[in-house]
Amino acid sequence: MENVSELKQFLAIPRDIVLTTHRNPDGDAVGSSLGLYHFLRGEGHTVHMCVPSEYPGFLGWMPGIHDMVVYDTDPERTQELIERADVIFALDYNALDRIDKTGELIYSAKAKKVMIDHHLYPEGFADYQLSEESASSTCELIYDFIQLLDKDISITPLIGECLFTGILTDTGSFKYSTSPKLFRIVAKLLERGVDDVKIQGMVFNCLPEKHLRLLGHCLANRMEILDEYRTGIITLTKEDYETFDIKRGDTEGIVNFLLRLKNVTMAAFIHEQPKITKISLRSKGDFSVQQIASKYFKGGGHLNASGGASFTGLASTVRKFKSILPEYKSQLLGEADKVK
Ligand code: 5GP
Ligand code: MN
């Protein structure tokens with residue numbers, strides 16, 4: 001981050017701060033918001049968190065999560081907080097159009113803007129930017145940011161637990177995006193009193209029954225494997241959403257099951273939402289799903305995890321996805337051949 005000493009000086013007196021993160025916030029979005037929230041409050045600032053849409057139920061245990069102001073249910077409060085803020089943090093997203101109306105509010109806000117993020121191709125709207133695509137998670141970068149401010153001493157077990165949660169979910173329990181640096185950070189968090197086993201239990205072993213039934217349905221009835229293209233697809237219809245009483249965040253992680261197959265290089269989870277059809281893409285190795293998400297589905301993300309949307313319904317989105325596979329066939333096969 002350039003000009004960090006300038007920002008450090010600005011934060012040396014109590015400020016009015018708003019933390020924002022992306023729509024359908026995941027463990028990293030929520031973990032980085034809450035980690036920074038508790039840290040900045042500890043430093044004497046007035047801090048609020050704004051999210052475009054509701055946080056998922058499986059993170060409901062996280063301390064402070066109920067303080068989040070949700071744009072979908074409280075647009076006026078969101079606007080008021082963003083307009084009067086001295087500093088706005090953009091966490092775990094790389095472009096203002098990723099957060100809908102909240103993005104427009106941030107664009108015209110008088111506040112200094114600080115982006116902390118690990119997605120490819122940051123938009124560059126912020127005055128201060130800590131953007132590192134090699135980082136496992138935004139939570140890892142919040143840890144780095146606290147170090148840059150020379151405030152390591154202020155990392156409490158509570159802050160550590162929030163950061164650990166985002167690291168845990170964005171690395172799929174340390175299965176990808178790991179590095180020696182990340183494990184060193186995690187070791188430090190554990191030394192600070194983070195109970196890693198407790199958090200794993202809270203995040204992964206607290207499912208309501210319907211989740212396993214939904215997963216079973218996806219794997220038994222909604223999964224298609226296109227061997228020829230080393231690609232797996234899971235689809236969910238609007239009716240599935242009703243039958244299984246699916247809410248935001250309930251489908252998190254389902255797409256990753258496809259990557260467990262030896263013969264699958266790319267996984268797609270395509271599901272109908274009220275207004276759009278959403279697509280989640282995952283891949284192994286060097287195969288970039290970011291290129292597919294941005295070129296064909298108005299989206300983006302990371303090399304191995306990206307997403308996008310289409311406005312044409314489920315069946316035609318699946319057709320479109322299948323129609324682009326021949327273009328990538330040799331790359332998909334090449335990647336699969338690496339794991340013999
Ligand atoms: P997920 O598939 O879990 O929704 O998202 C995977 C990754 O892709 C996340 O890092 C997320 O930020 C990014 N992503 C998901 N949907 C979109 C989208 O519509 N546009 C962009 N630019 N990125 C997305
Ligand atoms: Mn993230």
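Q: What makes the residues of the shell around ligand 1 nonpolar, polar or charged?
A: The shell divides into 1 nonpolar, 9 polar and 3 charged residues, a division by residue type in which Ala, Val, Leu, Ile, Met, Phe, Trp, Tyr, Cys and Pro count as nonpolar, Asp, Glu, Lys and Arg as charged, and the others, Gly among them, as polar. This is a predicted model, in which local features need pLDDT of at least 70 and side-chain atom pairs pLDDT 80 or more, whereas totals for chains, interfaces and linings use all residues. Residues are numbered from 1 along each chain as its sequence is written, chains are lettered from A and ligands numbered from 1 in the order in which they are written, and side-chain values use heavy atoms, leaving out hydrogens and water.

Q: Which residues are closest to ligand 1, and what surrounds it?
A: Ligand 1 is surrounded by 13 residues, each with a heavy atom within 4 Å of it, and the closest are Arg 98, His 119, Lys 278, Ser 280 and Arg 282. At least two shell residues come from each of β10, β11 and β12, and β12 gives the most, with 4 residues.

Q: Why do the approaches of Arg 98, His 119 and Arg 282 to ligand 1 count as polar contacts?
A: The side chain of Arg 98 places a polar atom 3.0 Å from an oxygen atom of the ligand, while N or O side-chain atoms lie 2.7 Å from a ligand oxygen for His 119 and 2.8 Å for Arg 282. They qualify because a polar contact is a pair of N or O atoms within 3.5 Å. The protein covers 80% of the 490 Å² of accessible area that ligand 1 has on its own (Shrake-Rupley method, 1.4 Å probe).

Q: Why are β7 and β11 called edge strands?
A: In the open, mixed sheet of 6 strands, the order is β7-β8-β9-β10-β12-β11. β7 (223-226) and β11 (300-301) each have a single partner strand, so one side of each lacks a neighbour in the sheet.

Q: Why do β8 and β9 count as paired?
A: Parallel strands β8 (residues 231-236) and β9 (residues 266-272) are joined by 6 bridges, and pairing requires at least two DSSP bridges, so they count as paired. Thr 235 stands opposite Ile 270 in β9.

Q: What are the order and the pairing of the strands from β3 to β6?
A: These 6 strands form an open sheet in the order β3-β2-β1-β4-β5-β6, with parallel pairing. Here β3 (69-70) and β6 (128-131) stand at the edges, each with a single partner strand, so one side of each is left without a neighbour in the sheet. Parallel strands β1 (residues 16-21) and β4 (residues 87-91) share 5 bridges, and Thr 21 has Leu 91 as its bridge partner in β4.

Conventions. Polar contact = N/O pair within 3.5 Å; in protein donor to acceptor, adjacent residues only side chain to side chain.
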